[in-house]
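Welcome, and please open your viewer for a short walk through this model. Keep the selection tool at hand, as each stop begins with something to pick.

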Amino acid sequence: MEQLLVKKDGKFYFKDKEVNPQYGTHDLSPNENLKLYNHFAELADKLESGRTVVLQCKIGDAVYETDTSGAKIFCSTVKRIIIDGQHTIYETDGVSFDERAIGKTIFLTAEAVEARAKELQGKL
């Protein structure tokens with residue numbers, strides 16, 4: 001699939017023309033708008049049919065975990081991602097987990113793990 005939509009400097013561009021989600025893509029020609037629509041339709045079809053996986057994080061991202069009491073918070077870096085057909089497995093130096101653990105025992109932000117740690121400490 002040709003990459004038609006590019007993100008740089010926090011903005012999206014379609015063939016070097018900025019796409020502004022607030023005002024639409026009126027600076028694109030009708031043909032370019034059709035290509036952009038078809039690009040999104042193709043991506044949506046791939047997502048729906050399971051031919052595209054949306055990763056929760058990428059290699060090099062920090063992930064966080066807390067112990068069962070909430071007293072300690074651990075941070076590790078994603079080193080490897082394995083897609084086994086049913087689940088996406090993320091591996092760090094200290095832990096392996098799949099997407100089902102995210103938001104339960106594994107967190108993608110320090111703020112989220114800190115909130116979970118406070119919640120666990122309040123249960124003691």
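Start by selecting I106 and showing what surrounds it. Setting aside neighbours within four places in sequence, I106 is in contact with V63, Y64, E65, V95, F97 and A101. Bear in mind as you look around that this is a predicted model.

**The nonpolar core**

Now widen the selection to C57, V63, V78, Y90, V95, F97, A101, I102 and I106. These nine residues make up the largest nonpolar core. As background, nonpolar side chains in soluble globular proteins tend to be buried together.

**Salt bridges**

How many salt bridges does a search of the whole structure find? The count is six, and three of them are good places to stop. In general, side chains of opposite charge can pair when their charged atoms come close.

Select D98 and R100 next. Their side chains meet in a salt bridge, with N to O at 2.5 Å. Is D98 buried or exposed? D98 counts as buried because its relative accessible area is 15%, under the 20% cut-off. Its partner R100 is partly exposed, at 48%.

Move on to K58 and D61, whose side chains also meet in a salt bridge, at 3.1 Å from N to O. Colour the pair by accessibility: K58 is exposed, with a relative accessible area of 52%, whereas D61 is partly exposed, at 22%.

For the third stop, show helix α2, which covers residues 110-122. Within helix α2, pick out E119 and R116, which sit three residues apart, about one turn of the helix. E119 forms a salt bridge with R116, and the closest N and O atoms are 2.4 Å apart. Both ends of this bridge are partly exposed: E119 has a relative accessible area of 42%, and R116 has 23%.

**A nonpolar patch on the surface**

Finally, switch to a surface view and select F40, L43, L47 and V54. Together they form a nonpolar patch on the surface, with about 340 Å² of accessible area. Zoom in on F40, which is found in helix α1, residues 30-49. Why is F40 classed as partly exposed? The reason is its relative accessible area of 41%, which falls between the 20% and 50% cut-offs.

To finish, show two selections side by side: the nine-residue nonpolar core that includes I106, and the surface patch that includes F40.

How values were computed. Residues numbered from 1 in each chain as written. Predicted model: local features only at pLDDT ≥ 70, side-chain atom pairs only at ≥ 80, totals over all residues. Heavy atoms only, no water. Patch = residues over 30% accessible without salt bridge, like charges linked within 9 Å, V, L, I, M, F, W, Y side chains within 5 Å. Areas by Shrake-Rupley, 256 points an atom, 1.4 Å probe, with all protein chains shown as cover. Salt bridge = Lys/Arg side-chain N within 4 Å of Asp/Glu carboxyl O. Helix = DSSP H or I, 4+ residues; strand = E, 2+ residues; numbered from the N terminus. Buried < 20%, exposed > 50% of the residue type's maximum accessible area, 1.4 Å probe, protein only. Core = buried A, V, L, I, M, F, W, Y, C linked by side-chain atoms within 4.5 Å. Contact = heavy atoms within 4.5 Å.
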